[in-house]
Amino acid sequence: MKRVLSVFLVFATILSMTVIVNTPVFAAQSGDYEYVASGTTAEITRYIGFGGAVTIPDTIGTYKVTRIGDYAFNNNAVITSVIIPLGVISIGDYAFNHCFQMTSATMPNTVTSMETYTFANCHKLSSVTIGSAVKSIDIGTFTDCEALTSVVIPNSLKSIPDYMFDGCYGLKSVIFGSGAASIGKNAFSDCSGFTGVNIPNSVATIGNYAFANCTGLTGAIIGSGVKTMNSGAFQSCTKLMSVLFLGNAPQTYSGVFIYCSSKIRIYYIGGKNGFTNPWGGIPTAVYLSVSPVNDKSTSVSGTAVIGSKISLTVVKTNYSVTPGISGKWTKTLTKKLGIGTKISIKLTFNTFTSSPVNVFVKPTVPTVKKLTKTSKTISGTTYSKAKVLYKINGVWKSINAMSNGSFSIKLAATLKKGSVVVFKVSYKGQTSVEKSVKVA
């Protein structure tokens, strides 16, 4: 028992002599900066310099600068630009808020997080470089940066935060990174400088009012991965006329396109599911259609996304045409085309270019003499030795034309007045469209 007690007393004595050593933290000033140091790193807490073009140092004394602290440059009226050094990992709340003379900001590829309203209200900020390692950005990062015209969002950022570019009415171009999975509430609201928006295929969710009041927006592409569009996502985009969906119809909530242009149209890729006409009260159409072309045609026509451009290639000759306000388009050919000639058609809309749609010149439908209820035969003309197909009472049959192109079909029974006989012709590997002839 005494031995156990002795061991316990020795152990207690050792504990009483143990000194817990914490890493010292202290505040100091060096040149234009106040900072807090801990271990081997420093956080800049306040800028006290004379402004102008500021390049933040990567070290202060022996300390490596790894963070720009909360409010460090907040309400600074004298800096005109800032370069944040390699090694900085995070930028704090309101760090550069309301630096209203600042025109450019450059972040290194070591920054991984940006906190609330980091560069908000920098009204003259026209150029910003976001580092390629940023994984987390909090709300309102560039709110009301009216002079900002373009921005590239890095692939590393998975979520576009709420209010990220709210009120940036000079913003005309945003290039989304391939990693973006969601776009937050009001992320781009009141960005009236937008004329086109391209949501990448990686995005699954578009938040409430994400693009609301983008009053200059005329066209939008919704990527194939979008599954949910929340309330008011494009509310009050008063010039928005064309929205092209690359995937199946997403789940939508109230008023996604409310108060947009009265001429707005929804377009989709043929074969995609979930679209009706109308869809959510808005007319819909396949993004590109081409009317049949035959060897007597002098033009190619169809319908397409309003605001798109159509490119045609015909026997090594290129044509282009822009759809009209109704979406209809027509391109006059320099000459008639032979049966089987390939016409390759592409549509370009914003940054989207479709795969080629290939159509082939078809034969012209046969000429058929008038049919009456007393007719004993059906006769007409077509191509030499072409196969004429005809449907009577729902049954298809065929006959080959003579060398001079004439054909005559002997009827087994008289035709009923008002009934319809359908014709088409097969020639040189192509089949014409159908032609219906009503019995008089």
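**Exercise 1. Which residue takes a positive phi in the hairpin of β38 and β39, and how many residues sit between the strands?**

Solution. One thing to keep in mind throughout: this is a predicted model.

Step 1: start with the loop of the hairpin, where 2 residues lie between β38 and β39. K428 is the residue with the positive phi, near 55°.

Step 2: check the pairing. β38 and β39 (residues 430–431) run antiparallel and are joined by 2 bridges. S426 has T431 in β39 as its bridge partner.

Step 3: look at what else β38 pairs with. Strand β35 (residues 387–392) pairs with β38 (residues 420–427) in the antiparallel sense, over 5 bridges, and Y390 has F423 as its partner in β38. Strand β40 (residues 435–438) is also antiparallel to β38, with 4 bridges, and there V422 stands opposite S436.

Step 4: add the side chains. K424 and E434 form a salt bridge whose closest N and O atoms are 3.9 Å apart. E434 is in the loop between β39 and β40 while K424 is in β38, so the salt bridge ties together parts 10 residues apart in sequence. E434 itself is partly exposed, at 49% relative accessible area.

**Exercise 2. Now go to the hairpin of β1 and β2. Find its positive-phi residue and work out how well β1 is covered.**

Solution. Step 1: this hairpin also has 2 residues between its strands, and G31 takes a positive phi near 60°.

Step 2: β1 and β2 are antiparallel, with 6 bridges; one of the pairs puts Q29 opposite E34 in β2.

Step 3: count buried residues in β1 (residues 25–30). The count is 0 among 6 residues, so with buried meaning under 20% relative accessible area, the strand is hardly covered.

**Exercise 3. Trace the salt-bridge network around R67.**

Solution. Step 1: the whole structure has 5 salt bridges.

Step 2: take the partners of R67. D70 meets R67 at 3.0 Å, N to O, and E115 meets R67 at 2.9 Å, N to O.

Step 3: place the E115 pair in the chain. R67 is in strand β6 and E115 in the loop between β10 and β11, 48 residues apart, so this pair links distant parts of the chain.

Step 4: compare burial. R67 counts as buried at 16% relative accessibility, whereas D70 is partly exposed at 34% and E115 is partly exposed at 22%.

Step 5: put the network together. E43, R67, D70 and E115 are its linked members.

**Exercise 4. Which residues touch the most other members of the largest nonpolar core, and which strands supply at least two residues to this core?**

Solution. Step 1: the core has 80 residues, and F96, F142, F188, F211, F234 and F257 touch the most other members. At least two residues each come from β2, β3, β6, β7, β19, β21 and β23.

Step 2: zoom in on F96. Beyond its neighbours within four places in sequence, F96 contacts residues including I56, I68, F73, V82, M102 and C122. T118 is another of the contacts of F96.

Step 3: see T118 from its own side. T118 sits in the loop between β10 (113–114) and β11 (127–129) and is buried, at 0% relative accessibility. Its contacts beyond four places in sequence include I91, Y94, F96 and T141.

**Exercise 5. Test the cysteines for disulfides, starting with C99 and C260.**

Solution. Step 1: searching the whole structure gives 0 disulfides.

Step 2: for C99, the nearest cysteine sulfur belongs to C122, 4.9 Å away. The cut-off is 2.5 Å, so that pair doesn't qualify. C99 is buried, at 0% relative accessible area.

Step 3: for C260, the nearest cysteine sulfur is that of C237, at 5.0 Å. C260 also counts as buried, at 14%.

**Exercise 6. Is S297 buried or exposed, and what does its side chain reach?**

Solution. Step 1: locate S297 in the loop between β25 (288–290) and β26 (299–304).

Step 2: its relative accessible area is 15%, so S297 is buried.

Step 3: the side chain of S297 reaches the backbone nitrogen of N294 at 3.0 Å. Leaving aside neighbours within four places in sequence, S297 contacts L333 and K336.

How values were computed: Residues numbered from 1 in each chain as written. Predicted model: local features only at pLDDT ≥ 70, side-chain atom pairs only at ≥ 80, totals over all residues. Heavy atoms only, no water. Buried < 20%, exposed > 50% of the residue type's maximum accessible area, 1.4 Å probe, protein only. Polar contact = N/O pair within 3.5 Å; in protein donor to acceptor, adjacent residues only side chain to side chain. Contact = heavy atoms within 4.5 Å. Core = buried A, V, L, I, M, F, W, Y, C linked by side-chain atoms within 4.5 Å. Pairing = 2+ DSSP bridges. Salt bridge = Lys/Arg side-chain N within 4 Å of Asp/Glu carboxyl O.
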